[in-house]
Amino acid sequence: VAQYTLDEQACHVTHLPLVKTKILFHPDSLKLKRGQIGLTSIEAVNVTDLLSVSLRLRFDPQIVSVVDAAPATPTIEVAPCAIFTQAPVFTVTRNMVNNALGRIEFQAELPPDTPFSGTGSLLDVAWRGEAAGDSPLELTEAIVSDRFGFPISAAIGKGKVTVFEIPHLLKLHGRVHLQGR
């Protein structure tokens, strides 16, 4: 589906593709206390015949860190979600987190005979609040391909994790003497 516009002065037609597929963070804004863990999903919205995905995400490692979804593996990983796990089999070709640099790389694909259409979660990221502040979540690469290997045009959303400190409550020490009446 495409939208066309006519430039009457130059007498030519410009092709403007309509982007219906979106890659979004859900929720797009997450609030955590320092030390608390919370979850953000990256979702494909209104996609047709998705077969593979390649994502690169950037975050502020001073504010948040990624909690390993697969502690038994030697590297820190994120968790593939329903778009992939609903298939009888799927392949993850890259699942890497670098908490020191604030980077996530994730690549996965479905079998050619089971592409995904609709809306669903691609992956989950568990965040731990490390220090007070805002960490922008930015997809620096989001390549989504169909069953023929062609890229699917997609609008890319941004997200944010806000970490806040809970101030220590004032503690009073001493004794209280109550006088009876």
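In which strand is Asp146 found? The close-up views below, all drawn from a predicted model, begin with this residue.

**View 1. Asp146, a buried acidic residue without a salt bridge.** Asp146 is found in strand β11, which covers residues 133-146. Although Asp146 is buried, it has no salt bridge, and the nearest side chain of opposite charge, that of Arg147, is 7.2 Å away. A salt bridge requires a side-chain nitrogen of Lys or Arg within 4 Å of a carboxyl oxygen of Asp or Glu, so a separation of 7.2 Å does not qualify. When residues up to four places away in sequence are left out, Asp146 touches Asp49, Leu51 and Ile152.

**View 2. The largest nonpolar core and its residue Ile104.** This core has 36 residues, and those with the most contacts inside it are Ile42, Ile104, Leu122 and Trp127. Strand β5, which runs over residues 37-58, gives the most to the core, contributing eight residues. As a general tendency, nonpolar side chains in soluble globular proteins are buried together. Once its neighbours within four places in sequence are set aside, Ile104 is in contact with ten residues that the view can help to locate, among them Leu55, Leu57, Phe59, Val66, Val78 and Trp127. The contacts of Ile104 also include Arg56, a residue that returns in View 4 as a salt-bridge partner of Glu141.

**View 3. Strand β9 and its two antiparallel partners, β5 and β8.** Strand β9, made of residues 103-109, pairs with β5 in the antiparallel sense over seven bridges, and in this pairing Arg58 stands opposite Arg103 of β9. Strand β8, made of residues 91-98, also pairs with β9 in the antiparallel sense over seven bridges, and here Thr91 stands opposite Glu109 of β9. The hairpin of β8 and β9 has four residues between the strands, and in this hairpin Gly102 takes a positive phi near 75°.

**View 4. A network of salt bridges that joins Arg56, Arg94, Glu105 and Glu141.** The side chains of Glu141 and Arg56 meet in a salt bridge, with 3.6 Å from N to O. Glu141 lies in strand β11 and Arg56 in strand β5, so this pair ties together parts that are 85 residues apart in sequence. Both residues are partly exposed, Glu141 with a relative accessible area of 22% and Arg56 with one of 33%. A salt bridge is also formed by the side chains of Arg94 and Glu105, with 2.4 Å from N to O, and this pair links Arg94 in strand β8 with Glu105 in strand β9, eleven residues apart. Arg94 counts as partly exposed at 33% relative accessibility, whereas Glu105 is buried, with a relative accessible area of 15%. Salt bridges that share partners join these four residues, Arg56, Arg94, Glu105 and Glu141, into one network.

**View 5. The salt bridge between Glu165 and Arg34.** A search of the whole structure finds six salt bridges, and in the one shown here the closest N and O atoms of Glu165 and Arg34 are 2.6 Å apart. Glu165 lies in the segment after β13, whereas Arg34 lies in the loop between β4 and β5, so the pair ties together parts that are 131 residues apart in sequence. Glu165 itself is partly exposed, with a relative accessible area of 41%.

Methods. Residues numbered from 1 in each chain as written. Predicted model: local features only at pLDDT ≥ 70, side-chain atom pairs only at ≥ 80, totals over all residues. Heavy atoms only, no water. Core = buried A, V, L, I, M, F, W, Y, C linked by side-chain atoms within 4.5 Å. Buried < 20%, exposed > 50% of the residue type's maximum accessible area, 1.4 Å probe, protein only. Contact = heavy atoms within 4.5 Å. Pairing = 2+ DSSP bridges. Lys, Arg positive; Asp, Glu negative; His and termini not counted.
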